[in-house]
Amino acid sequence: MTVGYARTSTVEQEAGLDAQDRDLRAAGCGKVFAERVSSVAKRAQLEAALEYVREGDTLAVTKPDRLARSVADLLAIIARLEAKGVALRVLSMGGAEVDTRTPTGRLMLTMLGAVAEFERALMLERQREGIAKAKAEGKYQGRVPTARRQAAEVLKLKAAGVRPADIARKLGIGRASVYRILGGDVAA
């Protein structure tokens, strides 16, 4: 059986999750585990998929970054799959499909994963340098907190009798942020 795993980092990426589901089902996945969670968070559906697959199955993903957060993580997942006799199939690795059932597929996945991790490290280094330069020039302000932009809506919902936990859920912000806004501890 081919089992799929799809992941996006945020709720706003709904179309991306739908596209992954479509591609995985088109590739023959009889069951697809999907979740909206950052790769650094606990990935409950990934764990469920890894527990679900059995010897002879194949776990399919659309891209390696939907599955793993680093080469080490990717290799650990592959090792778990291989210990169960399960193959990994990546539908799009730079336009080509990679399948760990072959030695060439395992080699390609490891090499391309290493290159992707290297590129990410370089990008983060450039980002840090850019932020440091902007700070030195007095131009860096950091990101605007999401909750602050929604302060008026929080106050409006509270005035309408909505509970803080429901406000947080409705607006996609933390309860602590709602309480800060309601307590007047937020700068506009």
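The contact between α7 and helix α8 brings P164, A165, I167 and A168 in α7 against R175, V178, Y179 and L182 in α8. By class, this contact has seven nonpolar residues, one charged residue and no polar ones. The model is predicted. Its open sheet consists of five strands, and the structure holds 13 salt bridges.

**Helices α6, α7 and α8**

- Helix α8 covers residues 175–182 and packs against α7 at an angle of about 115 degrees. The axes of α7 and α8 are 8 Å apart.
- The α7 and α8 pair crosses in a right-handed sense.
- Helix α7 (residues 164–171) also approaches helix α6 (residues 151–159), their axes coming within 10 Å. The two axes cross at roughly 135 degrees, and α6 and α7 are therefore oblique to each other.
- The crossing of α6 with α7 is right-handed.
- On the α6 side of this contact are E153, V154, L157 and K158, which meet P164, I167, K170 and L171 in α7. Five of the residues in the contact of α6 with α7 are nonpolar and three are charged, with no polar residue.
- P164 and I167 of α7 take part in the contact with α6, and P164 and I167 also appear in the contact with α8.

**Helices α3 and α4**

- Helix α4 spans residues 103–136 and packs with α3 at an angle of about 155 degrees. The separation of their axes is 9 Å.
- An angle over 145 degrees counts as roughly antiparallel, so α3 and α4 are roughly antiparallel to each other.
- From α3, the contact takes in V71, A72, L74, L75, I78 and E82. Their partners in α4 are R106, L109, T110, G113, A114 and E117.
- Seven residues of the contact of α3 with α4 are nonpolar, two are polar and three are charged.

**The sheet**

- The strand order in the open sheet is β2-β1-β3-β4-β5, with mixed pairing.
- Strands β2 (31–36) and β5 (96–99) lie at the edges, each pairing on one side only.
- From one strand to the next, the twist averages 20 degrees.
- Strand β1 (residues 2–8) and strand β3 (residues 58–61) run parallel and are joined by three bridges.
- In the pairing of β1 with β3, G4 stands opposite A60 in β3.

**Salt bridge between R80 and E51**

- One of the 13 salt bridges in the structure is formed by R80 and E51, whose closest N and O atoms are 3.9 Å apart.
- This pair links distant parts of the chain, with R80 in helix α3 (residues 71–83) and E51 in helix α2 (residues 44–52). The two residues are 29 residues apart.
- Helix α3 thus appears in two places here: R80 of α3 in the salt bridge with E51, and residues such as V71 and I78 of α3 in the contact with α4.

**R54 in the loop after α2**

- R54 is found in the loop between α2 and β3.
- Leaving aside residues up to four places away in sequence, R54 touches K84 and V86.
- In sequence, R54 and M1 are 53 residues apart, while in space their C-alpha atoms are 8.5 Å apart.

Methods
Residues numbered from 1 in each chain as written. Predicted model: local features only at pLDDT ≥ 70, side-chain atom pairs only at ≥ 80, totals over all residues. Heavy atoms only, no water. Axes fitted to C-alpha atoms, helices over the stretch in contact; angles between N-to-C directions. Helix = DSSP H or I, 4+ residues; strand = E, 2+ residues; numbered from the N terminus. Parallel < 35°, antiparallel > 145°, perpendicular 65-115°, else oblique. Left-handed = near helix turned anticlockwise from the far one by under 90°. Contact = heavy atoms within 4.5 Å. Nonpolar A, V, L, I, M, F, W, Y, C, P; charged D, E, K, R; others polar. Pairing = 2+ DSSP bridges. Salt bridge = Lys/Arg side-chain N within 4 Å of Asp/Glu carboxyl O.
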